[in-house]
Amino acid sequence: MDEIRRLRRKFILTATLAVVIIVTVALGLINAMAYVRMQEEVDDHLTMISENDGHLPNVPAPKRDTLIDEPDWYNDSPESHYQMRYFSVLMTQSGELVRANLNNIASFGKLDVQECIKEVLASKTPKGTFKRNRAHYSYQITEPDSTHYLLVVLDTTRDYGAVEQFMRYSFRFGLICVVIYALILIGICNIIIRPFINNMQNQKRFITNASHELKTPIAIISANAEAMELLQGKSEWTTNILTQVKRLTHLINDLITLAKMGERTRKDLKLTEVNVSGLLDNSVESFRPLVLDDNGKKIEAQIEPNVVAKTEEKSLYEIFNILMDNAVKYCDPNGTITAALSKSGRHGFKVSVSNSYAAGANKDYTHFFERFYRGDTSHSTGTGKVAGYGIGLSMARDLTELLKGSIKVSFKDGIITYTVQF
């Protein structure tokens with residue numbers, strides 16, 4: 001059930017993220033086009049007034065021929081000429097006022113104009129904007145001759161206000177669209193992913209049924225092999241039969257555990273106060289005899305004492321065993337396996353199990369926790385070097401997530417390290 005919930009959550013998040021990106025890009029482009037067009041109109045008006053010696057000519061603004069151009073009939077109406085609020089100032093290049101046209105502005109007197117001249121000249125830019133008493137103004141400075149500046153200031157409060165209002169409406173519209181889309185997607189999600197859910201359930205059912213069906217013939221083979229040993233004594237053939245039977249039994253048990261793991265939830269856990277230090281130490285010591293005669297491998301433990309946490313002991317011990325078993329299998333000859341435990345935060349802890357792994361460079365570690373993935377094919381069971389089916393790490397990941405922890409793998413300087421953190 002957890003897998004189905006994760007699949008449903010990933011599907012909803014991915015589909016919603018895609019829509020968010022599309023809506024954001026689309027509305028962003030529309031708003032950018034609106035802003036650019038507004039700015040072009042403001043520049044046209046400033047230029048038109050500047051070229052007419054500081055007065056607005058009674059002619060419409062020049063038409064533009066661009067991809068984002070739209071009909072500007074509103075600038076060519078009978079009243080449009082009187083709706084524009086502006087003033088112009090002719091001054092010397094040192095900033096002394098020569099004459100001012102204040103007939104088309106109400107909020108600027110001569111003193112205000114003087115302050116405006118100082119502010120604009122201090123900016124040292126021929127074009128720009130400034131705010132005054134919540135109003136928005138755009139200005140342009142030109143040189144009608146070699147000794148004077150002509151400053152034109154245009155009230156663009158309505159222009160910027162319209163663009164900002166359009167942006168706010170766009171944001172709300174986009175947000176509402178995304179919320180509605182997400183609600184619809186949540187409602188029909190089960191219908192969309194039902195084929196995947198059926199496939200997963202059929203796969204689990206097949207694994208469980210096949211595993212149970214295989215147990216009986218394997219038990220018979222094992223019993224017959226043991227009977228042959230009793231009657232005829234041990235031989236290479238009976239030993240091989242029992243070894244392979246043990247491997248198959250272990251594989252079947254893992255498959256059944258893996259199939260059932262997806263059905264477990266947090267409610268099924270039996271949480272108790274667990275001595276994590278002792279649990280990891282037990283796991284390490286249980287694997288120590290396996291490496292005594294195994295190509296010079298050795299195990300080191302760096303376990304912080306008295307680490308206690310509220311968790312499920314059985315699942316946590318299984319995680320430790322999987323990591324230790326994996327490290328023992330894949331450790332290089334004469335290499336070192338290191339198990340470390342330390343506290344993390346107020347109530348958490350971190351466990352890392354590492355081993356020498358010279359062949360670990362250039363491996364794609366993003367698939368290491370996938371089911372049935374074998375990262376090192378040279379160590380496949382076909383060669384008889386390492387027994388494994390790519391199940392253990394997948395089980396470790398599922399158990400870790402069930403216990404609300406995280407697991408990751410890293411590689412550095414010939415050492416591969418698996419880290420679980422709770």
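Two strands are said to pair if DSSP finds at least two bridges between them. The legends below use this term for a predicted model.

**Figure 1. Overview of the predicted model, with its eight helices and twelve strands.** The protein has 422 residues, and buried residues make up 38% of them. Among the contacts with a separation of 6 or more, 66% are accounted for by residues 24 or more positions apart. The following figures present individual regions of this protein.

**Figure 2. Close-up of strand β5 and the strands β1 and β4.** Strand β5 comprises residues 148-155. Strand β1, residues 86-92, runs antiparallel to β5 and is joined to β5 by seven bridges. Within this region, Ser-88 stands opposite Val-152 of β5. Strand β4, residues 135-145, is likewise antiparallel to β5, and seven bridges join β4 to β5. Here Ile-141 has Leu-151 in β5 as its bridge partner. β4 and β5 form a hairpin, in which two residues lie between the strands. Strand β5 is mostly covered, as six of its eight residues are buried.

**Figure 3. Close-up of the open sheet of five strands.** Across the sheet, the strands follow the order β7-β9-β10-β12-β11, and their pairing is mixed. The edges are formed by β7 (298-303) and β11 (406-412); each has a single partner strand, so one side of each is left without a neighbour in the sheet. From one strand to the next, the twist averages 15°. Inside this order, β10 (residues 348-356) and β12 (residues 415-421) pair in the antiparallel sense over seven bridges. One position to locate is Lys-350, whose bridge partner in β12 is Gln-421.

**Figure 4. Close-up of helices α6 and α8 against the sheet.** Helix α6, formed by residues 276-287, packs on the sheet and touches β7, β9 (336-344) and β10. The direction of α6 makes about 175° with that of β7. Helix α8, formed by residues 392-402, lies across β11 and β12. With respect to β11, helix α8 runs at about 135°.

**Figure 5. Close-up of Thr-417 in strand β12.** Is Thr-417 buried or exposed? Its relative accessibility is 17%, and residues under 20% are classed as buried, so Thr-417 counts as buried. Leaving aside residues up to four places away in sequence, Thr-417 touches Ser-352, Val-353 and Ser-354, together with Lys-408, Val-409 and Ser-410.

**Figure 6. Close-up of the packing between helices α4 and α5.** Two packed helices are described by the angle between their axes and the distance between the axes. Helix α4 (residues 157-232) and helix α5 (residues 236-261) pack at an angle of about 160°, and their axes are 9 Å apart. Because angles over 145 degrees count as roughly antiparallel, α4 is roughly antiparallel to α5. The crossing in which α4 passes α5 is left-handed. The contact of α4 with α5 contains 14 nonpolar residues, eight polar residues and four charged residues.

**Figure 7. Close-up of the packing between helices α5 and α8.** The axes of α5 and α8 come within 11 Å and cross at roughly 30°. Angles under 35 degrees count as roughly parallel, and therefore α5 and α8 are described as roughly parallel to each other. The crossing of α5 past α8 is left-handed. Which residues meet in this contact of α5 with α8? From α5 come Asp-254, Thr-257, Leu-258 and Met-261, which meet Ser-394, Met-395, Asp-398 and Leu-399 of α8. By class, the residues of this contact divide into four nonpolar, two polar and two charged.

**Figure 8. Close-up of Val-178 in helix α4.** Val-178 is buried, with a relative accessible area of 15%. Where residues up to four places away in sequence are not counted, Val-178 touches Thr-16, Val-19, Val-20 and Val-23. Val-178 and Val-20 are 158 residues apart in sequence. In space, the C-alpha atoms of Val-178 and Val-20 are 6.5 Å apart.

Technical notes: Residues numbered from 1 in each chain as written. Predicted model: local features only at pLDDT ≥ 70, side-chain atom pairs only at ≥ 80, totals over all residues. Heavy atoms only, no water. Helix = DSSP H or I, 4+ residues; strand = E, 2+ residues; numbered from the N terminus. Axes fitted to C-alpha atoms, helices over the stretch in contact; angles between N-to-C directions. Contact = heavy atoms within 4.5 Å. Parallel < 35°, antiparallel > 145°, perpendicular 65-115°, else oblique. Left-handed = near helix turned anticlockwise from the far one by under 90°. Nonpolar A, V, L, I, M, F, W, Y, C, P; charged D, E, K, R; others polar. Buried < 20%, exposed > 50% of the residue type's maximum accessible area, 1.4 Å probe, protein only.
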